[in-house]
Amino acid sequence: MELREKEQQMKRDLDPALSTAADDRANAPIVRFRNVTKRYGALTVLDGLDLDIAPHEKVAIIGPSGSGKSTLLRVLMTLDPLSDGIIEVDGEPLTHEMQGGKLVPASARHVRQVRSKIGMVFQSFNLFPHMTALANTIEAPMRVLGLSKKEATERGRELLSMVGLAEKCNHYPSQLSGGQQQRVAIARALAMRPKIMLFDEVTSALDPELCGEVLNVIRKLGDEHSLTMLMVTHQMGFAKEFADRVCFFSQGKIIEQAPPQQFFSAPQHERTRQFLRAVTEAL
Ligand SMILES: Nc1ncnc2c1ncn2[C@@H]1O[C@H](COP(=O)(O)OP(=O)(O)O)[C@@H](O)[C@H]1O
Ligand SMILES: [Mg+2]
């Protein structure tokens with residue numbers, strides 16, 4: 001233990017009140033959905049959802065098609081506005097801000113600032129086709145974070161090398177395989193230094209042999225970085241091995257959630273059992 005850490009530990013040991021306050025802050029959810037509701041016309045897609053995510057937690061989101069999984073990630077990424085409820089990120093309301101003691105819809109600037117803590121990777125890689133892998137990775141850090149080209153390039157090369165693509169910096173998306181493109185998309189999201197990463201079925205568009213290389217990168221992120229991750233996936237094996245918690249969605253609600261061992265070995269609800277039977281039979 002570093003000397004400073006030791007000192008702080010001693011201080012906490014001596015002062016239980018201090019220790020509680022510090023622990024509370026460390027354990028406070030980094031993402032908090034409170035009564036989050038999303039409707040498209042008459043269709044309720046997220047139905048009064050409450051969900052707390054702890055810092056560094058890895059949450060797998062599973063459930064039938066159309067149950068609201070992508071919508072959950074999209075509203076967190078502020079790609080879709082909420083119909084009701086509130087989302088907090090790092091203790092700050094995402095789409096609202098305090099003004100004169102009241103919560104009011106947030107300014108675009110506030111939303112940008114809170115959202116900069118979040119990165120997202122989609123099923124379809126969404127790379128800019130006219131830019132090389134490196135250019136894709138440095139664009140937002142330069143434009144949004146104001147990094148110089150030199151700084152952004154350094155960061156971009158480091159990340160592309162982390163995802164195993166050091167040799168492909170100057171390739172265009174059309175010159176890369178699906179798995180490679182998806183790894184560029186992950187490097188591009190990481191270049192913004194998010195605290196929270198959202199993955200929406202990131203291997204669904206890939207041939208089975210290319211899934212592995214993308215999942216390995218995600219595993220590495222989990223092992224080596226203190227990111228909080230929310231991952232929508234149909235790969236039960238990966239969810240079991242990787243996640244700290246599995247949330248099962250049905251019709252815009254979480255009907256069951258548990259650590260993976262418990263979730264997969266002893267699902268409590270009939271709807272969960274039915275879903276798990278169906279996905280196992282499909283294999
Ligand atoms: N922009 C939209 N307009 C209307 N309906 C939508 C829109 N986006 C999603 N939906 C509907 O919301 C429901 C949930 O969608 P989604 O969150 O994508 O489900 P999942 O990711 O679990 O398959 C679906 O019935 C879908 O058709
Ligand atoms: Mg989806």
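Buried means under 20% relative accessible area, exposed means over 50%, and partly exposed lies in between, for a 1.4 Å probe and protein chains only. The model is predicted: local features need pLDDT of at least 70, side-chain atom pairs count only at pLDDT 80 or more, and totals for chains, interfaces and linings use all residues. Residues are numbered from 1 along each chain as its sequence is written, chains are lettered from A and ligands numbered from 1 in the order in which they are written, and side-chain values use heavy atoms, with hydrogens and water left out.

**View 1. Thr-137 sits in helix 5.** Thr-137 has 0% relative accessibility, so this residue counts as buried. Helices (H or I, at least four residues) and strands (E, at least two) are DSSP runs, numbered from the N terminus. Contact means heavy atoms within 4.5 Å. Leaving out residues up to four places away in sequence, Thr-137 touches Gly-156, Leu-160, Val-184, Ala-187, Arg-188 and Ala-191.

**View 2. Helix 5 packs its buried residues against two other helices.** Helix 5 covers residues 133-143. Its buried residues are Ala-133, Leu-134, Asn-136, Thr-137, Ile-138, Ala-140 and Pro-141. What do they pack against? The partners are helix 6 (149-162) and helix 7 (178-190). An α-helix has 3.6 residues a turn, so residues three or four places apart point the same way.

**View 3. The largest pocket holds about 630 Å³ of space.** Pockets and cavities are found on a 1 Å grid over the protein atoms alone. A cavity is a set of points where a 1.4 Å probe fits but cannot get out. A pocket is an open set with protein on both sides within 12 Å along at least five of seven lines. Lining residues have an atom within 4 Å of a point. Grid points are joined across faces, edges and corners, and a volume is the space filled by probe spheres set on the points.

Of the 22 residues that line the largest pocket, Met-77, Ile-118, Ala-140, Arg-143 and Met-192 are the closest to its centre. Helix 4 (108-115), strand 8 (118-121), helix 5 and helix 7 each supply at least two lining residues. For residue classes, Ala, Val, Leu, Ile, Met, Phe, Trp, Tyr, Cys and Pro count as nonpolar, Asp, Glu, Lys and Arg as charged, and the others, Gly among them, as polar. The lining of the largest pocket has 13 nonpolar, 4 polar and 5 charged residues.

**View 4. The second largest pocket has a volume of about 350 Å³.** Of the 17 residues that line it, the closest to its centre are Leu-190, Arg-193, Pro-194, His-225 and Leu-227. Which helix gives the largest share of this lining? Helix 6 does, with 4 residues. By class, the lining of the second largest pocket has 8 nonpolar, 4 polar and 5 charged residues.

**View 5. The largest cavity has a volume of about 30 Å³.** Val-59, Ala-60, Met-231, Phe-238, Ala-239, Phe-242 and Ala-243 line the largest cavity. Strand 3 (58-62) and helix 9 (236-242) are the elements that give two or more of these residues. Helix 9 gives the most, with 3. The lining has 7 nonpolar residues, no polar and no charged.

**View 6. Six strands form an open sheet with mixed pairing.** The order is 8-9-10-3-11-12. Two strands pair if DSSP finds at least two bridges between them. Strand 8 and strand 12 (253-258) stand at the edges, each with a single partner strand, so one side of each has no neighbour in the sheet. Axes are lines fitted to C-alpha atoms, for helices over the stretch in contact, and angles run from 0 to 180 degrees between N-to-C directions. Helix 8 (residues 208-224) lies across strand 3, strand 9 and strand 10 (228-232), at about 155° to strand 10.

**View 7. Strand 8 pairs with strand 9 (residues 196-200) in the parallel sense.** The pairing covers 4 bridges. Ile-118 has Ile-196 as its bridge partner, and Val-121 stands opposite Phe-199. Ile-118 and Met-120 point one way from strand 8, and Gly-119 and Val-121 the other way. All are buried.

**View 8. Four strands form an open antiparallel sheet.** The order is 2-1-4-5. Strand 2 (43-53) and strand 5 (92-93) are the edge strands. Strand 4 (residues 84-89) joins strand 5 through 2 bridges, and Val-89 stands opposite Glu-92. Helix 3 (residues 69-76) packs on the sheet and touches strand 1 (31-40), strand 2 and strand 4. The direction of helix 3 makes about 115° with that of strand 1.
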